[in-house]
Amino acid sequence: MPSASPSPLSGSLAFAAILAAVAGFVDAHGFVNVAPVFVANMSGNLVLLGIAAGEGAWGVVARHGTAIAAFVVGVAVANLVHERRRRGGRELRPDLLFVVEAVLLLAVTGWLARFGGDGGNLVVEPVVVGGALAMGLQTAALLRVGSVAVATTYESGAVARVGEGLGRSVGSPDAAARRHTVAVLAVVLAGYVAGAALAAWAGAAPAWLLLPVGVLVVSAADLHRRVRSARVPGPTAAGSERR
């Protein structure tokens, strides 16, 4: 679970890997069991959208375009919330983003349990929109592990940065720092792959989506507890304020 950090949008490596596993799980479950659309991996959607456009499959184009648009909206909403809190001089609250993400995934789970994944656009589109919105929110809720920028939803950039870090570390005066960056990114990537593998193993039952929902709820509660603890002054500080 997340550890104390100077930035509310920064967390431990374990927490980043857990969130990446959540994204990998949701991405794989939806792709395999609902529709061949990614709700977190937007690079994959762009490729599939291009293929569908080349084949003239405009319904498929629309579905991938919907996922991309919903993801962008999720990122935009999360950053709007961050910016408004900054302007108001208030602390950032990524824990609230995780709560909303959990609610969205819970709604997707209920929708699939009620209608199944085989009911055409009426069933699939709400799942795609809800899942992509949730992943967009998560993207903006954790941005760093220490000094290393990370993304817990889309991993294409992380793969490129691993190669870049390995290449630049050879003979570099800051080789240790570059190797640290590579290690952090590799662990986050492994989390995403592990989440996808777990989803494939688990099968098609919508109830499996309650697993990432539970992880997000626990994460949000832990973050909220840390935020409240940071607000409470210690005995010395409290005593000095009274004096």
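**Aromatic pairs, core and salt bridges in a predicted model**

A search of the whole structure, which is a predicted model, finds 5 aromatic pairs. In one of them, the rings of Phe-15 and Phe-98 have centres 5.8 Å apart and planes at 75 degrees, so the pair is edge-to-face. This pair links distant parts of the chain, since Phe-15 belongs to helix α1 and Phe-98 to helix α4, with the two positions 83 residues apart in the numbering. Phe-15 counts as buried because its relative accessibility is 2%, and Phe-98, with a relative accessible area of 1%, is likewise buried.

Another aromatic pair, formed by Trp-201 and Trp-208, is also edge-to-face, with 5.9 Å from centre to centre and 70 degrees between the planes. Here the accessibilities are of another kind: Trp-201, at 63% relative accessibility, counts as exposed because the threshold for that class is over 50%, whereas Trp-208, at 32%, counts as partly exposed. Trp-201 has its place in helix α7. Together with Leu-198 and Leu-211, the two tryptophans Trp-201 and Trp-208 make a nonpolar surface patch of about 420 Å².

From this surface patch the description can turn to the interior. The largest nonpolar core has 53 residues, and the members that touch the most others are Val-26, Phe-98, Leu-105, Met-135, Val-150 and Leu-216. At least two residues of this core are supplied by each of the helices α1 (13–33), α3 (58–87), α4 (94–115), α5 (121–141), α6 (156–169), α7 (175–202) and α8 (210–231). Phe-98, already met as the partner of Phe-15 in an aromatic pair, is thus also listed among the core residues that touch the most other members. For Val-26, once its neighbours within four places in sequence are left aside, the residues in contact are Val-39, Leu-105, Met-135, Leu-209 and Pro-212. Among these contacts of Val-26, Leu-105 and Met-135 are themselves in the group of core residues that touch the most other members.

The charged side chains add a further layer to the picture, for the structure holds 5 salt bridges. What separates the closest N and O atoms of Glu-83 and Arg-87, and where do these residues lie? Their salt bridge has its closest N and O atoms 3.5 Å apart, and both residues lie in helix α3, 4 residues apart, which is about one turn of the helix. Glu-83 counts as partly exposed because its relative accessibility is 31%, while Arg-87, at 71%, counts as exposed. The two are not an isolated pair, as Glu-83, Arg-86 and Arg-87 are linked in a network of salt bridges.

A salt bridge within helix α8 joins the side chains of Arg-225 and Asp-222, with an N to O distance of 2.8 Å. These residues are 3 positions apart, again about one turn of the helix. Arg-225, at 45% relative accessibility, counts as partly exposed, whereas Asp-222 is buried, with a relative accessible area of 13%.

The side chains of Arg-93 and Asp-95 meet in a further salt bridge, at 2.7 Å from N to O. Both partners fall in the buried class, because buried means under 20% relative accessible area: the value is 12% for Arg-93 and 3% for Asp-95.

Methods:
Residues are numbered from 1 along each chain as its sequence is written. This is a predicted model: local features need pLDDT of at least 70, side-chain atom pairs count only at pLDDT 80 or more; totals for chains, interfaces and linings use all residues. Side-chain values use heavy atoms; hydrogens and water are left out. A nonpolar core is a set of buried Ala, Val, Leu, Ile, Met, Phe, Trp, Tyr and Cys residues joined through side-chain atoms within 4.5 Å. Buried means under 20% relative accessible area, exposed over 50%, partly exposed in between (1.4 Å probe, protein chains only). Contact means heavy atoms within 4.5 Å. Patches are made of residues with over 30% relative accessible area and no salt bridge: like charges are joined within 9 Å, nonpolar side chains (Val, Leu, Ile, Met, Phe, Trp, Tyr) within 5 Å. Accessible areas come from the Shrake-Rupley method with a 1.4 Å probe; for residues, only the protein chains shown count as cover. A salt bridge is a side-chain nitrogen of Lys or Arg within 4 Å of a carboxyl oxygen of Asp or Glu. Rings of Phe, Tyr and Trp (its six-membered ring) pair if their centres lie within 6.5 Å; planes under 30 degrees apart count as stacked, over 60 as edge-to-face and the rest as tilted.
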